[in-house]
Number of protein chains: 2
Amino acid sequence: MRVSTEKTKKNRQNDRRAEIIGIAKHLFVENGFAATSMSSVANAVGLTKASLYHHFPGKDDLFAACVTEGLSDELLALRKIAEDSETDPKTRMRAVLEALYETFIFSPAGRMSPLIAEVSRSFPTVARAFHDDYMAPQHEILVQLLDEGVASGRFADIERKVYLHMVFGPIVTLSLTREMFATFEDLDQIFPVETLRDGHIENMLKLIGSSQT
Amino acid sequence: MRVSTEKTKKNRQNDRRAEIIGIAKHLFVENGFAATSMSSVANAVGLTKASLYHHFPGKDDLFAACVTEGLSDELLALRKIAEDSETDPKTRMRAVLEALYETFIFSPAGRMSPLIAEVSRSFPTVARAFHDDYMAPQHEILVQLLDEGVASGRFADIERKVYLHMVFGPIVTLSLTREMFATFEDLDQIFPVETLRDGHIENMLKLIGSSQT
DNA sequence: GTCTATAAGTAGATAGAC
DNA sequence: GTCTATCTACTTATAGAC
């Protein structure tokens with residue numbers, strides 16, 4: 001009985017924590033680190049500032065939690081697509097690129113980059129964690145899929161880092177651009193997500209279309 | 001005589017203004033908008049805060065000046081490369097892409113994007129100015145060069161917006177990435193600028209290599 | 001765990017002397 | 001044009017009651 005009570009307590013605590021992280025993540029992404037005050041987070045959650053400080057000892061810690069937690073789900077989903085060995089590599093590659101667009105344009109995790117850039121000098125450890133726990137694994141998943149396709153002769157043997165550069169570059173920049181020009185009424189006309197995404201993906205597949213060894 | 005005195009005065013004023021903008025631009029790019037205080041700018045220039053406010057009525061105005069002024073030089077240089085009709089389009093395109101890497105990775109103007117993203121909601125007019133006076137003309141220069149190559153049958157008729165997406169995406173993201181991970185000791189190993197640049201440019205030229213009409 | 005109250009510091013911005 | 005001095009508002013963070 002005691003155990004179950006403790007479990008419930010811990011679950012409730014984690015619920016609160018997760019709730020705070022979810023809301024704070026949204027605010028950070030939307031307004032930036034410096035422009036997001038602990039008061040505003042507390043208000044949005046429906047707590048006082050002091051109560052918020054009960055859950056997170058400082059603004060840094062809250063931010064670090066927002067950056068590092070909840071990223072593994074997306075990695076898992078990406079890995080699942082990339083490693084489905086029933087499907088041929090080209091189809092999987094297309095699916096992976098589409099999933100990346102989904103993540104970077106529409107999920108908070110994918111819109112973290114400008115935030116990290118904003119605070120990287122103040123919290124180098126947060127930047128390290130974001131790279132090691134999120135970016136590097138994503139790169140690895142793509143490289144493995146690429147390796148597999150190259151080994152079976154279906155993909156051209158493109159330089160790996162250049163491929164990552166050309167895959168992630170447009171996606172991240174599109175996300176950043178939508179942030180920069182969020183107030184534009186004609187945003188979707190100037191930067192039409194679907195057109196850019198489809199064209200980009202087609203061209204990347206063309207590039208690795210096993211023209212050479 | 002009076003005229004020349006006034007001219008000298010105005011020149012000195014402009015010198016001060018330009019000096020402040022140069023230093024402030026650097027600080028904004030390096031530390032972000034919110035983390036750059038008017039005090040820190042004043043200190044860096046060697047003035048007091050009050051004197052700084054004599055030259056710029058508010059932080060917004062200083063920032064807007066940093067974003068909008070001094071961008072035209074780079075546009076001019078880019079246009080010069082793109083419109084040199086003596087050279088064939090492919091060589092010009094390569095030179096233009098190299099110039100873009102130079103600008104975005106190493107000049108403050110090219111590293112403005114995360115800044116704009118940080119403040120876009122607060123200063124939509126600044127974001128508009130950055131787009132209309134800097135990004136859109138850059139895009140136009142590239143599209144014109146592309147048009148010219150397509151018209152003469154030297155380039156494939158790639159979708160213009162997709163081409164811009166794939167050209168600027170990797171460049172901007174590389175700049176952002178170097179910002180994010182500025183504290184990494186192994187930054188140049190993880191993201192080797194020359195390799196990424198050369199590979200990217202070669203692949204873009206391959207893509208528009210007039211395979212189809 | 002959540003609250004009220006408040007400390008300690010810093011931001012942007014201004015008044016007025018020189 | 002530059003200074004000293006100051007104001008107001010807001011920030012992160014904490015103490016202690018309930």
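Domain bounds come from an automatic or database domain assignment, and in chain A of this predicted model that assignment gives domain 1, covering residues 2-68, and domain 2, covering residues 72-207. The centres of domain 1 of chain A and domain 2 of chain A, taken over C-alpha atoms, are separated by 28 Å. Within chain A there are 11 helices and 0 strands, so that the pattern read along the sequence is α-α-α-α-α-α-α-α-α-α-α, a helix being a DSSP run of at least four residues. The C-alpha trace of chain A spans about 60 × 50 × 30 Å along its principal axes. Of the 213 residues in chain A, 49% are buried, and among the contacts in chain A with a separation of 6 or more, 69% are accounted for by residues 24 or more positions apart.

The boundary between the two domains was examined next. Contact between domain 1 of chain A and domain 2 of chain A involves 13 residues of domain 1 and 12 residues of domain 2, and the area buried between these two domains is about 1100 Å², with carbon and sulfur atoms giving 79% of it. On the side of domain 1 of chain A, the residues that lose the most area to domain 2 of chain A are Val29(A), Phe63(A) and Val67(A), which together account for 48% of what that side buries. Between domain 1 of chain A and domain 2 of chain A the count is 1 salt bridge, and 2 residue pairs are in polar contact, both residues of each pair being at pLDDT 80 or more. Helix 1 (2-31) and helix 4 (59-68) of chain A each supply at least two residues of the side of domain 1 that touches domain 2, and the largest share of that side, 6 residues, comes from helix 4 of chain A. In terms of residue type, the side of domain 1 of chain A that touches domain 2 of chain A divides into 8 nonpolar, 2 polar and 3 charged residues.

Chain A also meets chain B, and the contact takes 52 residues from chain B and 52 residues from chain A. The area buried between chain B and chain A is about 4200 Å², of which 69% is given by carbon and sulfur atoms. In chain B, Arg121(B), His165(B) and Met180(B) lose the most area to chain A, although together these three residues make up 16% of what that side buries. Between chain B and chain A the count is 6 salt bridges, and across their interface 13 residue pairs are found in polar contact, with both residues at pLDDT 80 or more. Several elements of chain B give two or more residues to the side that touches chain A, namely helix 1 (2-31), helix 7 (113-119), helix 8 (124-151), helix 9 (160-180), helix 10 (187-190) and helix 11 (193-207). Helix 9 of chain B gives the most to this side, with 14 residues, and the side of chain B that touches chain A divides into 28 nonpolar, 15 polar and 9 charged residues.

Glu30(A) takes part in salt bridges with residues of both chains. Within chain A, Arg111(A) forms a salt bridge with Glu30(A), the closest N and O atoms being 3.7 Å apart. From chain B, the side chain of Arg121(B) meets that of Glu30(A) in a salt bridge with an N to O distance of 3.0 Å. Arg121(B) is also among the residues of chain B that lose the most area to chain A.

Two individual residues of chain A illustrate contrasting settings. Ser113(A) lies in helix 7 of chain A, which comprises residues 113-119, and because its relative accessibility is 5%, Ser113(A) counts as buried, the limit for this class being under 20%. When residues up to four places away in sequence are not counted, Ser113(A) touches Phe130(A) and Val172(A) as well as Leu176(B) and Met180(B). Lys49(A), by comparison, has its place in helix 3 of chain A, residues 49-55, and is partly exposed, with a relative accessible area of 44%. Leaving aside its neighbours within four places in sequence, Lys49(A) is in contact with Met38(A), Ser39(A) and Ala42(A). Lys49(A) and Ile190(A) are 141 residues apart in sequence, and their C-alpha atoms are 41 Å apart in space.

Terms used. Residues numbered from 1 in each chain as written. Chains lettered and ligands numbered in written order. Predicted model: local features only at pLDDT ≥ 70, side-chain atom pairs only at ≥ 80, totals over all residues. Heavy atoms only, no water. Contact = heavy atoms within 4.5 Å. Buried area = accessible area lost by both parts, 1.4 Å probe. Salt bridge = Lys/Arg side-chain N within 4 Å of Asp/Glu carboxyl O. Polar contact = N/O pair within 3.5 Å; in protein donor to acceptor, adjacent residues only side chain to side chain. Nonpolar A, V, L, I, M, F, W, Y, C, P; charged D, E, K, R; others polar. Buried < 20%, exposed > 50% of the residue type's maximum accessible area, 1.4 Å probe, protein only.
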